[in-house]
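Visitor: I would like to learn how to read strand pairing and enclosed space in a model. Could we work through one together?

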Amino acid sequence: MTEVRSSLGLRSVRLFEGLSASRLDALAQACRWRSLPAGRMLVQRAERERDVHFVIDGQLRVTIFALNGRQLTFREVDAGGHFGELAAIDGQPRSADVLTLRPSVVASLGAEDFRQVLADERPVADRVMRGLCLMVREISARVIDLSTLGVQNRVHAELLRLAREAGCEGNRATLDPAPTHSDMASRVSTNREQVTRELNALAQRGLLAKEGKALVLCDVAQLDRMVAQVRGAV
């Protein structure tokens, strides 16, 4: 592990936007800095560690590994993002596992120091509250999808979400690199084989195409109509 201590790194953290250089420098000194290889577990579900982690470089995945081996993925955290505020605020055990997808640099701030920032910096507190509200809304939407939609429809909904995240040009969206079938399966609570079958079916209908390492959604509007129709029917 390479130790780095720099307020420059924290300037890229969206949560800290607008903080003074002196405050960022103090936070940088209070953080524990780590360089981690890909595939390293940083946080384990149910452990008592309560730091808040800021991603300076790389990408991490927030997920759950069930006892039966199935993985359910919630989200990826890219550079500039953060995670871990729930345990820092309520003192409860971790609710998910977090592992690095790529080599990453992470700055970790203790729970007491984080709560002091919330008390001192109203804009930071407001961003945390908005982030928690968004998290609740997204989880609620996923629970509804997982409990009411079939696997086919869940795959469609996830593709539509990825298309909107990647950005649409006209009626097309390019996912580059394409998500692996295993990653898709972990997001919609199914297995890789079912995802493969559904992606092949969409390709046969002309709604998907492969271009090198990218996956192209050729008719986002049609995919949107398909998802809206089934959600309106449940």
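Visitor: Which residue in β5 is the bridge partner of F65?

Guide: This is a predicted model. The bridge partner of F65 in β5 is Q71. That contact belongs to a longer register: β4 (residues 59–65) and β5 (residues 71–78) pair in the antiparallel sense over seven bridges.

Visitor: Which other strand is joined to β4, and by how many bridges?

Guide: Strand β7 (residues 97–100) is joined to β4 by four bridges, and the two run antiparallel. Within this pairing, V62 stands opposite V98.

Visitor: How many residues of β4 are buried?

Guide: In a regular strand the side chains alternate between the two faces of the sheet. In this model, six of the seven residues of β4 are buried, and the strand is mostly covered.

Visitor: Turning to enclosed space, how many cavities of 30 Å³ or more are there?

Guide: A cavity is a space where a 1.4 Å probe fits but cannot get out. The count here is one cavity of 30 Å³ or more. The largest cavity holds about 40 Å³, and its lining consists of L159, L202, L207, L208, L217, D219 and L223. By class, six of these residues are nonpolar, none is polar and one is charged.

Visitor: What lines the second largest pocket?

Guide: Its volume is about 160 Å³. The lining is made of A178, P179, H181, L199, N200, A203, L208, A209, K210 and L215. Helix α8 (192–204) and strand β11 (208–211) are the elements that each give two or more residues to this lining. Seven of the lining residues are nonpolar, two polar and one charged.

Conventions. Residues are numbered from 1 along each chain as its sequence is written. This is a predicted model: local features need pLDDT of at least 70, side-chain atom pairs count only at pLDDT 80 or more; totals for chains, interfaces and linings use all residues. Side-chain values use heavy atoms; hydrogens and water are left out. On a 1 Å grid over the protein atoms alone, a cavity is a set of points where a 1.4 Å probe fits but cannot get out, and a pocket is an open set with protein on both sides within 12 Å along at least five of seven lines; lining residues have an atom within 4 Å of a point. Grid points are joined across faces, edges and corners, and a volume is the space filled by probe spheres set on the points. Ala, Val, Leu, Ile, Met, Phe, Trp, Tyr, Cys and Pro count as nonpolar, Asp, Glu, Lys and Arg as charged, and the others, Gly among them, as polar. Buried means under 20% relative accessible area, exposed over 50%, partly exposed in between (1.4 Å probe, protein chains only). Two strands pair if DSSP finds at least two bridges between them.
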